[in-house]
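I opened this notebook to record what I looked up about the pockets and the ligand, beginning with the open space and ending with the bound molecule.

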Amino acid sequence: MSSRPYIVGNWKMHGTRAMLSEARAIDRAAQRHMKVEVAIAPPYTLIHPVHREAEQIAVGAQDCHEQEGGAFTGEISAAMIADAGAKFVILGHSERRTHHGESDALVRAKADAALAAGLRVIMCCGESAKTREMGRAVAFVKKQLKASLPPQIESAAEKLSVAYEPIWAVGTGNAATPDNIAEMHGVIRALLVSLYGEEQGAKVRILYGGSVTPGNAAEILSVDGVDGALVGGASLTADSFMGIALAATEADDS
Ligand code: PEP
């Protein structure tokens, strides 16, 4: 692993104020895992409360709107998220692409808005089971990412991460194999270098997401080219999430 492992929890639509104790426990435990960068993206309603409690972990959002403000009932802008204490935003998650019909162009516009608001971006990508069965996974991910990522990042590479999340692995208990992950992370790194140049392209972190658990994290995080993990279900309790952070510490030491 090239940089400090980045372990990010995506709480999806889970969590009321009752879960603040879990966030607090994650934050306290993260203080014992200083070699790992730990972050969580709770629902919008918990961003500010978690931010107020957190001493160690960064708090982020799971989406943002692409416009700065205006007549967009029910939407939340990147600046509002930043104002609530968010430091990053997850964009292009497969659940948003599927359930909200988000196109690559829209996801790119959101990334531009987020970076302009000073947020870090975790850009998700990943193929469906059908696309993989057809042998088109690599071509699909390259095309999706090329169209979703900001075309230029100037010197903002540290602000950008890519999360490879094969749709068939998200929330299924069926994580991708180390071979699948190594191949796709290599492809993504080459794409980043071709888009942003050798120096900037090498700085963007590439996370794996899809059924990461404390049980498989050590194996996944020691795969070549994996800089961290985006974790859904297993990020909802401090015990399981910090089990993954511990595995990241060990993978980093090995
Ligand atoms: C996710 O939603 O980003 C995710 C990876 O979920 P899970 O870990 O539950 O597969």
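How do the residues of the lining of the largest pocket divide into nonpolar, polar and charged? I am working with a predicted model, and in it I find five nonpolar, seven polar and five charged residues in that lining.

Entry on the largest pocket. I noted a volume of about 440 Å³ for this pocket. Its lining consists of 17 residues, and those closest to the centre are Lys-12, Met-13, Gln-62, Asp-63 and Arg-96. I then asked which helices contribute, and I found that α2, residues 44-53, and α4, residues 94-99, each supply at least two residues of the lining. The greatest contribution is that of α4, which gives three residues.

Entry on the second largest pocket. For this one I wrote down a volume of about 190 Å³. It is lined by 18 residues, of which Gly-171, Ser-211, Val-231, Gly-232 and Gly-233 are the closest to its centre. When I sorted this lining by residue class, I obtained five nonpolar, eleven polar and two charged residues.

Entry on where the ligand sits. Which pocket corresponds to the space taken by the ligand? I looked this up and found that the ligand takes the space of the second largest pocket.

Entry on the shell around the ligand. I found 14 residues surrounding the ligand, and the closest are Lys-12, Glu-165, Gly-171, Ser-211 and Gly-232. Sorted by class, this shell holds four nonpolar, eight polar and two charged residues. I marked Lys-12 for a second look, since this residue is among the closest to the ligand and is also listed among those closest to the centre of the largest pocket.

Entry on the polar contacts. I went through the oxygen atoms of the ligand and recorded three distances to protein atoms, starting with a backbone N or O atom of Gly-171, which lies 2.6 Å from a ligand oxygen. For His-93 I noted a polar side-chain atom at 2.9 Å from an oxygen atom of the ligand. On the side chain of Asn-10, I found an N or O atom 3.4 Å from a ligand oxygen. As for cover, I noted that the ligand on its own has 290 Å² of accessible area and that the protein covers 95% of this.

Key: Residues numbered from 1 in each chain as written. Predicted model: local features only at pLDDT ≥ 70, side-chain atom pairs only at ≥ 80, totals over all residues. Heavy atoms only, no water. Near = heavy atom within 4 Å. Polar contact = N/O pair within 3.5 Å; in protein donor to acceptor, adjacent residues only side chain to side chain. Areas by Shrake-Rupley, 256 points an atom, 1.4 Å probe, with all protein chains shown as cover. 1 Å grid on protein atoms, 1.4 Å probe; cavity = no way out; pocket = protein on both sides within 12 Å on 5 of 7 lines; lining within 4 Å. Sits in = over half its atoms within 2 Å of the grid points. Nonpolar A, V, L, I, M, F, W, Y, C, P; charged D, E, K, R; others polar. Points joined across faces, edges and corners; volume = space filled by probe spheres on them. Helix = DSSP H or I, 4+ residues; strand = E, 2+ residues; numbered from the N terminus.
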